[in-house]
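Please look through the sequence and the structure shown below before reading on. The report then moves from the protein as a whole to a few of its parts.

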Amino acid sequence: MNKKLSRRQFMIGLGAIGGTVLAASAASWLLRSPSNPGGGALPAGEGSVPQRPAAMNKKPNFVIILADDLGYSDIGCYGGQIETPNLDKLAAGGIRLTQFTNTARCSPSRASLLTGLHPHQAGMAHLQGYFGPYTQKLNDSCVTIAEVLKENGYSTYMSGKWHLGPAFPHQRGFDKAYHYLGVDYYATESISLNGVKVDPKSISKNYYATDDMTDKAIGLLENHMSATPEKPFFLYMSYTAPHFPLQARDKDIAKYKGRFDRGWDALRQEKFARMKERGIIDPKWELPSMNDSGAGDWEKENSKSWRLRAMEVYAAMVDSMDQNIGRLIQTLEKSGELDNTFLVFLSDNGGNSEFLNIRDTTKLPGGPGYAEGNGHYGAGWATLSNTPFRMHKHYIHQGGIASPFIVHWPAGLKEKGALRKKPAQLTDVMATVLEVSGSKYPEQYKGHKIIPAEGTSMLSILKNDTTSKQYLFWEHEGNCGVRNNNWKLVKFEKYPWELYDLEKDGTEMHDLAGSQPEVVKRLSDEYEKWTKRANVLKKEEYMKYWKGKNDGEGPTGPIDLRKIKGAPKA
Ligand SMILES: [Ca+2]
């Protein structure tokens, strides 16, 4: 396959026959900007998307769009500075949750999202690999949303990041899955379709991972509408953006030149005020200091130009993802399926403060994003991403686990643009999918007994902001937490429990553990019961299996808590 193929020829070569390419120029979902006059990232194609005949099955489709390392308030409709018109439009036509939480890290969050279990129950409490009973893959005691929906008559597709070890997605319920193993946004060597490597030579020279993942997803949807339009579908669109390395297209980076020049302190204050004005957060809440998240003051930052470039590239990565989401939504709209699609957008963990891995911080590599990969944007910008919350990816304080959560489903949710304040977590997505689709969750699957689903359907939250959910639980790397109504008990590994009243103090600034011992006891007892039920090991228990070294994905969190001003001493 040395000959360069068009995208259509390429898709046919991979078995996605019958698809047509969407005309990007006609897109109502591609809102244009001065720096992006064409609106779309890729050339326009020909034709239209086939539509499902009206008399056919009307079960809702599902599309879950997952961002990687995106903070709670990066996107426009959560008060952020980054332009995300397509996500904003979904929010304006749908519902936003303000108290949705993930599991603080890539693999655990993905495991919980897809299985409806806590990650420990699915074998994926840590990143893939490493830790004895925390296996290197989803275990046989869980089922994925794809497996459940496939058993209930759905076609199931995926494009993007998996990060759940073997078995790969086509072995866990996906009919067709483009699986991206790499993290480099310009490397074409690590894409497979249903486990078969895609020839890098067949991939466009204009390749950028976020665009290509979307292309592949659009191809899968177009093929579905041609080949099996009578069936409902599930698409898991799992972006790597804006996870490091910081790499984006020049035109997208140029758009953000100068946008962050005033630094994270001033921009965070402004965002905080905007979030209050828009009702995303409570006016009573206070803004923690940057030091509460291990970050320094902008004025004392001595690599400002490098930092600014990093944030401009990060913003461009999010902007690019939004443009691509626009193309995906346009495909759904043209096929006539958008209204009947239960579409979710969320992030797998909070903004990431892991250490910078660039030796010479005075160097600003040119070209598309950074020439030398693995750059991070650092704790200062991560704290801006997670405004108004404390801490970042890895941690169970709100900055680590708070996620944007947009649901767009015009056929089932009549209210438009509303905010919902009741708390929910990743396990609740499976429960919601089961209720919305009328699907049965199996007691057994392929001869294995399956752990009962953990979640509570979010449909009542989405419709009228009521919930029957009593407790929410989290654990990652020894950091842990439990929430019951307004009370949240949370701790850093090895440190004492902290107690917060999240209604009055949603940013976790006033620890009430000393004055409310009975609440601490009740919640900590529930937490201990949960750890036994959900196979949650203490860190010293799973660390005895540790044979590797700390390569940034090891067992040690990214910030030495002793360096955090005000942090309790061990
Ligand atoms: Ca992540």
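In this predicted model, 74% of the contacts between residues at least 6 apart in sequence join residues that are at least 24 apart. The protein has 570 residues, of which 55% count as buried, and its secondary structure comes to 14 helices and 17 strands.

**A pair of helices**

One place to begin is the meeting of helix H2, residues 85-92, with helix H8, residues 304-334, whose axes come within 7 Å and cross at roughly 55 degrees. Angles from 35 degrees up to 65 degrees are neither roughly parallel nor roughly perpendicular, and H2 and H8 are therefore oblique to each other. On the side of H2, the residues that take part are Pro85, Asn86 and Leu87, and they meet Asp322, Ile325, Gly326 and Ile329 in H8. Sorted by character, the residues of this contact between H2 and H8 divide into four nonpolar, two polar and one charged.

**A sheet and the helix on it**

Further along the chain, four strands form an open sheet in the order E14-E15-E16-E17, and their pairing is antiparallel. Strands E14 and E17 are the edge strands, each of them pairing on one side only. Neighbouring strands of this sheet are turned against each other by 15 degrees on average, if direction is ignored. The antiparallel pairing of E14 with E15 runs over six bridges, and one residue pair can be named here, since Trp474 has Gly481 in E15 as its bridge partner. Helix H13, residues 517-533, packs on the sheet and touches E14, E15, E16 and E17, while its direction makes about 65 degrees with that of E16.

The table gives the residue ranges of the strands in this sheet.

| Strand | Residues |
|---|---|
| E14 | residues 471-476 |
| E15 | residues 479-484 |
| E16 | residues 487-491 |
| E17 | residues 498-501 |

**A residue in a loop**

The last part concerns Asp339, which has its place in the loop between H8 and strand E8, residues 341-347. Is Asp339 buried, exposed or partly exposed? There are 14 other C-beta atoms within 10 Å of Asp339, and a residue would need 20 or more to be buried and 12 or fewer to be exposed, so Asp339 is partly exposed. Leaving aside residues up to four places away in sequence, Asp339 touches Pro410 and Ala411. Asp339 and Asn61 are 278 residues apart in sequence, yet from C-alpha to C-alpha they are 9.4 Å apart in space.

Methods: Residues numbered from 1 in each chain as written. Predicted model: local features only at pLDDT ≥ 70, side-chain atom pairs only at ≥ 80, totals over all residues. Axes fitted to C-alpha atoms, helices over the stretch in contact; angles between N-to-C directions. Helix = DSSP H or I, 4+ residues; strand = E, 2+ residues; numbered from the N terminus. Parallel < 35°, antiparallel > 145°, perpendicular 65-115°, else oblique. Contact = placed C-beta atoms within 7 Å. Nonpolar A, V, L, I, M, F, W, Y, C, P; charged D, E, K, R; others polar. Pairing = 2+ DSSP bridges.
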